[in-house]
Amino acid sequence: MDYYKQIFKRKSFHIFKDTGVITDDEIQRLKDFINIIKPLNTEIKTEIHIVPESETTCKRGGQYCILFYSESKDEYLRNIGYIGEQIDLYLASQNIGALWFGIGKPNDMKINGLDYVIMISIAKVSEDKFRKDMFKSKRKPLSEIWNGDTLGIAEIVRFAPSACNTQPWIVENNSNDLMIYRYKKFGKRGIMPAQKVRYYNKIDIGIFLFILETCLEHENYTYDRILFADTSDDSIEKTLIAKYTYSSK
Ligand SMILES: Cc1cc2nc3c(=O)[nH]c(=O)nc-3n(C[C@H](O)[C@H](O)[C@H](O)COP(=O)(O)O)c2cc1C
(Lines give C-alpha, C1' and ligand atoms only; values in the text may rest on other atoms or scores of the structure.)
Protein backbone atom coordinates (compact mmCIF):
# COMPACT_ATOMS: atom_id res chain seq x y z
CA MET A 1 0.00 0.00 0.00
CA ASP A 2 1.38 3.40 -0.99
CA TYR A 3 -0.10 5.27 1.97
CA TYR A 4 1.81 8.44 1.15
CA LYS A 5 0.12 8.88 -2.22
CA GLN A 6 -3.31 8.51 -0.64
CA ILE A 7 -2.70 11.39 1.81
CA PHE A 8 -3.02 13.72 -1.18
CA LYS A 9 -6.16 12.02 -2.49
CA ARG A 10 -8.24 11.36 0.61
CA LYS A 11 -10.88 13.72 1.93
CA SER A 12 -13.95 13.55 4.14
CA PHE A 13 -17.15 12.84 2.26
CA HIS A 14 -19.51 14.66 4.60
CA ILE A 15 -22.44 13.71 2.37
CA PHE A 16 -22.32 10.97 -0.22
CA LYS A 17 -23.98 11.75 -3.54
CA ASP A 18 -24.00 9.90 -6.88
CA THR A 19 -22.56 6.80 -5.27
CA GLY A 20 -21.86 3.42 -6.85
CA VAL A 21 -21.93 0.06 -5.11
CA ILE A 22 -19.24 -1.47 -2.95
CA THR A 23 -19.16 -5.10 -4.10
CA ASP A 24 -18.82 -8.18 -1.90
CA ASP A 25 -15.35 -8.67 -3.38
CA GLU A 26 -14.36 -5.19 -2.30
CA ILE A 27 -15.62 -5.87 1.20
CA GLN A 28 -13.63 -9.10 1.28
CA ARG A 29 -10.49 -7.24 0.18
CA LEU A 30 -11.15 -4.60 2.85
CA LYS A 31 -11.44 -7.35 5.48
CA ASP A 32 -8.19 -8.92 4.23
CA PHE A 33 -6.54 -5.53 4.51
CA ILE A 34 -7.89 -5.01 8.03
CA ASN A 35 -6.24 -8.29 9.01
CA ILE A 36 -2.76 -6.96 8.14
CA ILE A 37 -3.06 -3.54 9.76
CA LYS A 38 -0.42 -2.68 12.35
CA PRO A 39 -1.74 -1.22 15.62
CA LEU A 40 0.22 1.19 17.81
CA ASN A 41 -0.28 -1.10 20.76
CA THR A 42 -0.69 -4.83 20.17
CA GLU A 43 -1.71 -5.35 23.82
CA ILE A 44 -5.06 -3.62 23.34
CA LYS A 45 -7.80 -5.92 22.02
CA THR A 46 -9.81 -4.42 19.15
CA GLU A 47 -12.48 -5.59 16.72
CA ILE A 48 -13.64 -3.99 13.51
CA HIS A 49 -17.11 -4.73 12.15
CA ILE A 50 -18.72 -3.66 8.90
CA VAL A 51 -22.48 -3.07 8.99
CA PRO A 52 -24.97 -1.31 6.70
CA GLU A 53 -25.07 2.42 7.46
CA SER A 54 -28.79 2.02 8.09
CA GLU A 55 -27.93 0.03 11.24
CA THR A 56 -26.34 3.14 12.74
CA THR A 57 -27.43 6.71 13.46
CA CYS A 58 -25.20 7.92 10.64
CA LYS A 59 -27.29 9.23 7.76
CA ARG A 60 -24.74 10.53 5.31
CA GLY A 61 -25.65 8.36 2.31
CA GLY A 62 -22.95 5.75 2.94
CA GLN A 63 -23.49 2.09 2.09
CA TYR A 64 -21.68 0.69 5.11
CA CYS A 65 -20.17 1.84 8.34
CA ILE A 66 -16.92 0.46 9.67
CA LEU A 67 -17.31 0.17 13.44
CA PHE A 68 -14.33 0.23 15.78
CA TYR A 69 -14.51 -1.56 19.12
CA SER A 70 -11.76 -1.68 21.71
CA GLU A 71 -10.83 -2.50 25.23
CA SER A 72 -11.06 0.86 27.01
CA LYS A 73 -7.58 0.77 28.46
CA ASP A 74 -4.28 2.57 28.17
CA GLU A 75 -4.14 4.76 25.10
CA TYR A 76 -6.91 2.96 23.24
CA LEU A 77 -8.22 6.09 21.51
CA ARG A 78 -4.97 6.93 19.79
CA ASN A 79 -4.57 3.25 18.91
CA ILE A 80 -7.93 3.36 17.11
CA GLY A 81 -6.95 6.58 15.31
CA TYR A 82 -3.72 4.94 14.14
CA ILE A 83 -5.54 1.82 12.93
CA GLY A 84 -8.44 3.73 11.39
CA GLU A 85 -6.23 6.06 9.38
CA GLN A 86 -4.64 3.07 7.67
CA ILE A 87 -8.15 2.08 6.61
CA ASP A 88 -9.06 5.64 5.56
CA LEU A 89 -6.02 5.75 3.26
CA TYR A 90 -6.59 2.23 1.94
CA LEU A 91 -10.18 3.13 1.06
CA ALA A 92 -9.03 6.13 -0.98
CA SER A 93 -6.77 3.79 -2.98
CA GLN A 94 -9.87 1.71 -3.80
CA ASN A 95 -12.05 4.69 -4.77
CA ILE A 96 -14.17 4.15 -1.71
CA GLY A 97 -15.04 7.45 -0.08
CA ALA A 98 -14.90 7.65 3.71
CA LEU A 99 -16.04 9.81 6.58
CA TRP A 100 -14.74 9.50 10.11
CA PHE A 101 -17.99 9.98 11.99
CA GLY A 102 -17.58 10.81 15.67
CA ILE A 103 -21.13 11.64 16.54
CA GLY A 104 -22.63 8.36 15.28
CA LYS A 105 -23.86 5.42 17.32
CA PRO A 106 -24.27 1.79 16.22
CA ASN A 107 -26.95 -0.62 17.45
CA ASP A 108 -24.39 -2.50 19.54
CA MET A 109 -22.39 -0.33 21.92
CA LYS A 110 -20.52 -3.41 23.11
CA ILE A 111 -19.29 -6.49 21.26
CA ASN A 112 -17.48 -9.40 22.90
CA GLY A 113 -16.75 -7.23 25.94
CA LEU A 114 -15.22 -4.45 23.82
CA ASP A 115 -16.59 -0.89 23.81
CA TYR A 116 -17.71 0.95 20.71
CA VAL A 117 -15.29 3.80 19.94
CA ILE A 118 -16.02 5.43 16.56
CA MET A 119 -17.14 4.68 13.01
CA ILE A 120 -16.20 5.44 9.43
CA SER A 121 -19.01 5.66 6.88
CA ILE A 122 -18.13 4.48 3.37
CA ALA A 123 -19.52 4.52 -0.15
CA LYS A 124 -18.23 3.83 -3.63
CA VAL A 125 -17.45 7.07 -5.45
CA SER A 126 -15.76 7.89 -8.71
CA GLU A 127 -12.09 8.80 -8.73
CA ASP A 128 -12.77 12.41 -9.76
CA LYS A 129 -14.68 13.03 -6.49
CA PHE A 130 -11.48 12.71 -4.46
CA ARG A 131 -9.19 15.59 -3.55
CA LYS A 132 -7.45 17.20 -6.48
CA ASP A 133 -5.31 19.77 -4.67
CA MET A 134 -4.70 18.97 -1.03
CA PHE A 135 -2.87 22.26 -0.55
CA LYS A 136 -6.14 24.12 -0.94
CA SER A 137 -7.63 22.38 2.13
CA LYS A 138 -8.20 24.52 5.17
CA ARG A 139 -5.55 23.97 7.83
CA LYS A 140 -3.67 25.95 10.49
CA PRO A 141 -0.56 27.71 9.20
CA LEU A 142 2.55 25.57 9.45
CA SER A 143 4.14 27.96 11.97
CA GLU A 144 1.34 27.16 14.44
CA ILE A 145 1.91 23.44 14.46
CA TRP A 146 5.62 22.91 13.76
CA ASN A 147 8.79 24.38 15.28
CA GLY A 148 12.19 23.77 13.72
CA ASP A 149 13.28 22.11 10.48
CA THR A 150 10.29 20.74 8.58
CA LEU A 151 12.26 17.83 7.04
CA GLY A 152 10.00 18.09 4.02
CA ILE A 153 7.30 16.29 6.00
CA ALA A 154 5.61 19.01 8.04
CA GLU A 155 4.15 20.47 4.83
CA ILE A 156 2.27 17.19 4.24
CA VAL A 157 1.56 15.96 7.78
CA ARG A 158 -0.44 19.10 8.48
CA PHE A 159 -3.20 17.77 6.22
CA ALA A 160 -4.04 14.90 8.56
CA PRO A 161 -7.79 14.85 9.25
CA SER A 162 -9.15 15.64 12.70
CA ALA A 163 -12.54 15.99 14.38
CA CYS A 164 -14.04 19.39 13.51
CA ASN A 165 -10.68 20.13 11.86
CA THR A 166 -9.28 20.97 15.30
CA GLN A 167 -5.72 19.81 14.38
CA PRO A 168 -4.81 19.28 18.05
CA TRP A 169 -1.08 18.78 17.48
CA ILE A 170 2.21 20.58 17.80
CA VAL A 171 5.58 19.21 16.76
CA GLU A 172 8.94 20.46 17.96
CA ASN A 173 11.95 19.36 15.99
CA ASN A 174 14.95 19.47 18.32
CA SER A 175 17.83 18.45 16.04
CA ASN A 176 17.24 14.67 15.98
CA ASP A 177 14.08 14.38 18.00
CA LEU A 178 10.53 15.14 16.99
CA MET A 179 8.52 15.90 20.11
CA ILE A 180 4.81 15.41 19.44
CA TYR A 181 2.27 17.14 21.63
CA ARG A 182 -1.50 17.03 21.85
CA TYR A 183 -2.47 20.66 22.05
CA LYS A 184 -5.60 22.22 23.45
CA LYS A 185 -5.63 25.98 23.60
CA PHE A 186 -6.79 27.34 26.96
CA GLY A 187 -10.12 29.03 26.98
CA LYS A 188 -11.01 28.09 23.43
CA ARG A 189 -14.53 26.74 23.62
CA GLY A 190 -16.39 25.31 20.68
CA ILE A 191 -19.84 23.79 20.62
CA MET A 192 -18.63 20.45 21.96
CA PRO A 193 -18.20 19.70 25.69
CA ALA A 194 -14.52 19.61 26.74
CA GLN A 195 -14.62 15.91 27.53
CA LYS A 196 -15.89 15.05 24.03
CA VAL A 197 -13.24 17.25 22.44
CA ARG A 198 -10.57 15.41 24.41
CA TYR A 199 -11.99 12.03 23.37
CA TYR A 200 -11.91 12.91 19.67
CA ASN A 201 -8.58 14.69 19.89
CA LYS A 202 -6.98 11.57 21.33
CA ILE A 203 -8.21 9.68 18.25
CA ASP A 204 -6.90 12.55 16.08
CA ILE A 205 -3.44 12.13 17.59
CA GLY A 206 -3.34 8.49 16.50
CA ILE A 207 -4.32 9.56 12.99
CA PHE A 208 -1.57 12.17 13.05
CA LEU A 209 1.08 9.70 14.24
CA PHE A 210 0.30 7.31 11.41
CA ILE A 211 0.54 10.06 8.81
CA LEU A 212 3.72 11.40 10.41
CA GLU A 213 5.37 7.97 10.23
CA THR A 214 4.26 7.54 6.62
CA CYS A 215 5.89 10.86 5.74
CA LEU A 216 9.10 10.06 7.65
CA GLU A 217 9.40 6.77 5.79
CA HIS A 218 8.68 8.46 2.46
CA GLU A 219 11.49 10.96 3.07
CA ASN A 220 13.85 8.09 3.93
CA TYR A 221 14.14 8.66 7.63
CA THR A 222 14.41 5.81 10.09
CA TYR A 223 13.12 6.43 13.58
CA ASP A 224 12.77 5.11 17.09
CA ARG A 225 9.44 5.89 18.64
CA ILE A 226 8.72 6.36 22.33
CA LEU A 227 5.07 6.79 23.29
CA PHE A 228 3.96 8.54 26.46
CA ALA A 229 0.73 8.11 28.39
CA ASP A 230 -1.73 10.88 27.65
CA THR A 231 -3.10 11.44 31.11
CA SER A 232 -3.65 15.15 30.86
CA ASP A 233 -7.09 16.54 31.65
CA ASP A 234 -6.18 19.66 29.70
CA SER A 235 -5.06 21.59 32.73
CA ILE A 236 -1.97 22.04 30.59
CA GLU A 237 -2.05 23.19 26.98
CA LYS A 238 0.57 20.81 25.60
CA THR A 239 0.66 17.14 26.52
CA LEU A 240 3.72 15.21 25.34
CA ILE A 241 2.51 12.21 23.36
CA ALA A 242 5.51 10.80 21.56
CA LYS A 243 9.15 11.28 20.76
CA TYR A 244 10.61 10.19 17.43
CA THR A 245 14.40 10.06 17.26
CA TYR A 246 15.14 10.10 13.55
CA SER A 247 18.09 9.77 11.22
CA SER A 248 18.53 9.71 7.45
CA LYS A 249 18.77 6.26 5.91
C1 LIG B 1 -12.02 11.53 14.80
C2 LIG B 1 -12.84 12.28 13.76
C3 LIG B 1 -14.20 12.45 13.94
C4 LIG B 1 -14.95 13.12 12.97
N5 LIG B 1 -16.30 13.25 13.15
C6 LIG B 1 -17.04 13.84 12.19
C7 LIG B 1 -18.47 13.94 12.34
O8 LIG B 1 -19.04 13.48 13.35
N9 LIG B 1 -19.18 14.54 11.37
C10 LIG B 1 -18.57 15.04 10.24
O11 LIG B 1 -19.27 15.56 9.35
N12 LIG B 1 -17.22 14.97 10.06
C13 LIG B 1 -16.45 14.38 11.01
N14 LIG B 1 -15.09 14.29 10.83
C15 LIG B 1 -14.45 14.82 9.62
C16 LIG B 1 -13.67 16.12 9.88
O17 LIG B 1 -14.57 17.21 9.95
C18 LIG B 1 -12.63 16.33 8.75
O19 LIG B 1 -11.70 15.30 8.81
C20 LIG B 1 -11.89 17.65 8.86
O21 LIG B 1 -12.77 18.74 8.70
C22 LIG B 1 -10.78 17.77 7.81
O23 LIG B 1 -11.27 17.63 6.50
P24 LIG B 1 -10.74 16.50 5.51
O25 LIG B 1 -10.90 15.17 6.21
O26 LIG B 1 -11.62 16.60 4.29
O27 LIG B 1 -9.29 16.74 5.21
C28 LIG B 1 -14.32 13.64 11.80
C29 LIG B 1 -12.94 13.45 11.64
C30 LIG B 1 -12.20 12.78 12.59
C31 LIG B 1 -10.73 12.58 12.37
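**View 1. Asn220 follows helix α6 in this predicted model.** The phi angle of Asn220 is positive. Its value lies near 65°. The helix before Asn220 is α6, which spans residues 194-218.

**View 2. Helix α6 is 25 residues long and largely enclosed.** From the first C-alpha to the last, α6 reaches 35 Å. That is close to the 36 Å expected at 1.5 Å a residue. How many residues of α6 are buried? The count is 19 of the 25, so the helix is largely enclosed by the rest of the structure. Buried here means under 20% relative accessible area. Helix α6 also supplies at least two residues of the shell around the ligand.

**View 3. Strand β2 is mostly covered.** This strand takes in residues 64-70. Seven of its seven residues are buried. Which side chains point which way from β2? Tyr64, Ile66, Phe68 and Ser70 point one way. Cys65, Leu67 and Tyr69 point the other way. Residues of both sets are buried.

**View 4. Strand β2 pairs with β1 and with β5.** Strand β1 covers residues 46-52. Its pairing with β2 is antiparallel and runs over seven bridges. Within this pair, Val51 stands opposite Cys65 of β2. Strand β5 covers residues 114-124. Seven bridges join β5 to β2, and these strands also run antiparallel. Here Tyr64 of β2 has Ile122 of β5 as its bridge partner.

**View 5. A shell of 21 residues surrounds the ligand.** Which residues come nearest? They are Arg10, Ser12, His14, Arg131 and Arg139. By type, the shell divides into ten nonpolar, five polar and six charged residues. Strand β3 (96-101) and helix α6 each supply at least two of the shell residues.

**View 6. Polar contacts link the ligand to Arg10, Ser12 and Gly102.** The side chain of Arg10 places an N or O atom 2.7 Å from an oxygen atom of the ligand. For the side chain of Ser12, an N or O atom lies 2.5 Å from a ligand oxygen atom. Gly102 contributes through its backbone: one of its polar backbone atoms is 2.9 Å from a nitrogen atom of the ligand. How much of the ligand does the protein cover? On its own, the ligand has 620 Å² of accessible area, and the protein covers 89% of this.

Key: Residues are numbered from 1 along each chain as its sequence is written. This is a predicted model: local features need pLDDT of at least 70, side-chain atom pairs count only at pLDDT 80 or more; totals for chains, interfaces and linings use all residues. Side-chain values use heavy atoms; hydrogens and water are left out. Buried means under 20% relative accessible area, exposed over 50%, partly exposed in between (1.4 Å probe, protein chains only). Helices (H or I, at least four residues) and strands (E, at least two) are DSSP runs, numbered from the N terminus. Two strands pair if DSSP finds at least two bridges between them. The expected span of a helix is 1.5 Å times one less than its number of residues. A residue is near a molecule or strand if one of its heavy atoms lies within 4 Å of it. A polar contact is a pair of N or O atoms within 3.5 Å; within protein, one must be able to donate a hydrogen and the other to accept it, and residues adjacent in sequence count only if both atoms are side-chain atoms. Accessible areas come from the Shrake-Rupley method with a 1.4 Å probe; for residues, only the protein chains shown count as cover. Ala, Val, Leu, Ile, Met, Phe, Trp, Tyr, Cys and Pro count as nonpolar, Asp, Glu, Lys and Arg as charged, and the others, Gly among them, as polar.
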